[in-house]
Amino acid sequence: MTPKKIIIDTDPGIDDAMAIFLALRSPEVEVIGLTTIYGNVYTTLATMNALHLLEVAGRTDIPVAEGSHVTITKGTKLRIADFVHGSDGLGNQNFPPPSGKAIKQSAAEFLVEQASLHPGEVTVVALGPLTNLALAIELDPAFAKNVGQIVLLGGAFCVNGNVNPASEANVFGDPEAADIVFTSGADVVAVGINVTHQVVLTDADREKLANSNGKFAQYLCKIMGIYYSYHHDAYSTRGVYLHDPTTVLAAVNPSLMTYTEGVVRVQTVGITRGLTILYNKQKRFEEVTEWSDKPTVKVAVTVDAPAAVKLIMDRLMES
Ligand SMILES: O=c1[nH]cnc2c1ncn2[C@@H]1O[C@H](CO)[C@@H](O)[C@H]1O
């Protein structure tokens with residue numbers, strides 16, 4: 001079977017690093033590019049980190065396109081989660097700057113170009129706020145139809161968020177963009193923290209990674225300390241949530257999850273800004289609602305967590 005072409009839209013980020021390495025080790029997919037976005041770090045640093053991670057992996061053949069520095073509404077007050085990942089996004093390791101450079105195209109231009117070059121064949125795996133995808137949709141009315149699938153990490157479906165009780169970090173980062181993507185008519189699969197919080201890398205798993213000869217496992221163990229201490233403080237867990245790698249798995253091996261389908265809208269105002277609400281079509285409402293006549297998306301509901309953790313670890317431990 002020919003591997004699925006994927007573009008990873010990313011804000012690296014410790015779990016992003018893990019997700020990128022996992023994708024590079026997955027024969028089911030071919031990474032044809034990385035696009036960058038703010039979120040865990042600012043966009044400029046996300047681009048540097050994406051280039052750095054490709055250099056670590058020996059995959060400088062993969063292009064990196066820099067994404068937006070502002071939200072879809074041109075907002076510049078960004079919420080950056082450096083307290084989760086370190087001020088450099090990669091566990092404060094003082095890595096030397098990458099020698100490579102981003103391509104001239106913007107992330108949105110690159111996404112539009114690749115989707116129209118390979119209609120129906122490109123999967124975008126979106127691991128940060130959805131600004132670049134919303135820009136691609138605005139730039140090219142055919143993008144939503146041309147893109148094969150958008151597999152995104154976003155939302156907290158029927159559970160508390162991780163920024164506040166209402167909102168998950170990626171949707172909170174640009175709620176207007178998220179609403180554009182969810183209602184675009186593209187084939188969207190949303191993996192929310194209701195699912196990713198079930199996929200935990202324990203202290204014992206970390207030790208196993210550290211004791212392996214895997215190049216990626218070794219690198220990740222070096223940068224993961226701050227991600228572990230953050231989880232210990234914030235959630236009182238002795239382990240970390242594998243948000244981004246789990247989302248990559250939804251593209252690599254979709255059968256590890258179950259899904260429901262319905263219309264998702266995003267709250268953009270008030271104390272619940274960033275809230276994702278899925279209408280499951282179980283009731284016909286008398287009134288016309290903001291969910292009426294909108295395209296549906298797939299939302300992940302369950303995950304085979306032990307199988308997911310094992311697959312992620314096995315691939316990262318290959319040397
Ligand atoms: O507590 C948190 N606040 C903000 N961002 C977080 C937190 N925990 C994890 N992430 C980051 O947000 C995405 C998942 O929502 C992941 O990329 C993760 O690295």
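Which residues are the closest of those that surround the ligand, and how many surround it? That was my starting point for today, and I kept in mind that this is a predicted model.

**Entry 1: the shell.** I counted 15 residues around the ligand. The closest turned out to be D15, H85, N162, E168 and Y230. I then sorted the shell by class and got 7 nonpolar, 4 polar and 4 charged residues.

**Entry 2: polar side chains.** Next I looked up distances from side chains to ligand oxygens. For E168, a polar side-chain atom sits 2.5 Å from an oxygen atom of the ligand. N162 has a side-chain N or O atom at 2.8 Å from a ligand oxygen. With D15, I read 2.9 Å between a polar side-chain atom and an oxygen atom of the ligand. I also checked how much of the ligand is covered: on its own it has 410 Å² of accessible area, and the protein covers 99% of that.

**Entry 3: where the ligand sits.** Is the ligand in a cavity or a pocket? I found it in the largest cavity. For the shell around the ligand, I noted which elements give two or more residues: α3 (82-85), α12 (225-235) and α13 (243-252).

**Entry 4: the cavity.** My search for cavities of 30 Å³ or more returned 1. The largest cavity holds about 340 Å³ of space. I listed 26 lining residues, with N40, A81, H85, N162 and A169 nearest the centre of the cavity. Two or more lining residues come from each of α3, α7, α12 and α13. By class, the cavity lining splits into 13 nonpolar, 8 polar and 5 charged residues. I put a mark beside two names here: H85 and N162 are among the residues closest to the ligand, and they are also among those nearest the cavity centre.

**Entry 5: the pocket.** What is the volume of the largest pocket? I got about 190 Å³. Its lining has 13 residues, and K77, R79, F172, G173 and R273 lie nearest the pocket centre. I checked the helices too: α7 (169-173) and α8 (175-182) each supply at least two residues of this lining. The class split for the pocket is 3 nonpolar, 5 polar and 5 charged residues. I underlined α7, as this helix gives at least two residues to the pocket lining and two or more to the lining of the largest cavity.

Terms used: Residues numbered from 1 in each chain as written. Predicted model: local features only at pLDDT ≥ 70, side-chain atom pairs only at ≥ 80, totals over all residues. Heavy atoms only, no water. Near = heavy atom within 4 Å. Polar contact = N/O pair within 3.5 Å; in protein donor to acceptor, adjacent residues only side chain to side chain. Areas by Shrake-Rupley, 256 points an atom, 1.4 Å probe, with all protein chains shown as cover. 1 Å grid on protein atoms, 1.4 Å probe; cavity = no way out; pocket = protein on both sides within 12 Å on 5 of 7 lines; lining within 4 Å. Sits in = over half its atoms within 2 Å of the grid points. Helix = DSSP H or I, 4+ residues; strand = E, 2+ residues; numbered from the N terminus. Nonpolar A, V, L, I, M, F, W, Y, C, P; charged D, E, K, R; others polar. Points joined across faces, edges and corners; volume = space filled by probe spheres on them.
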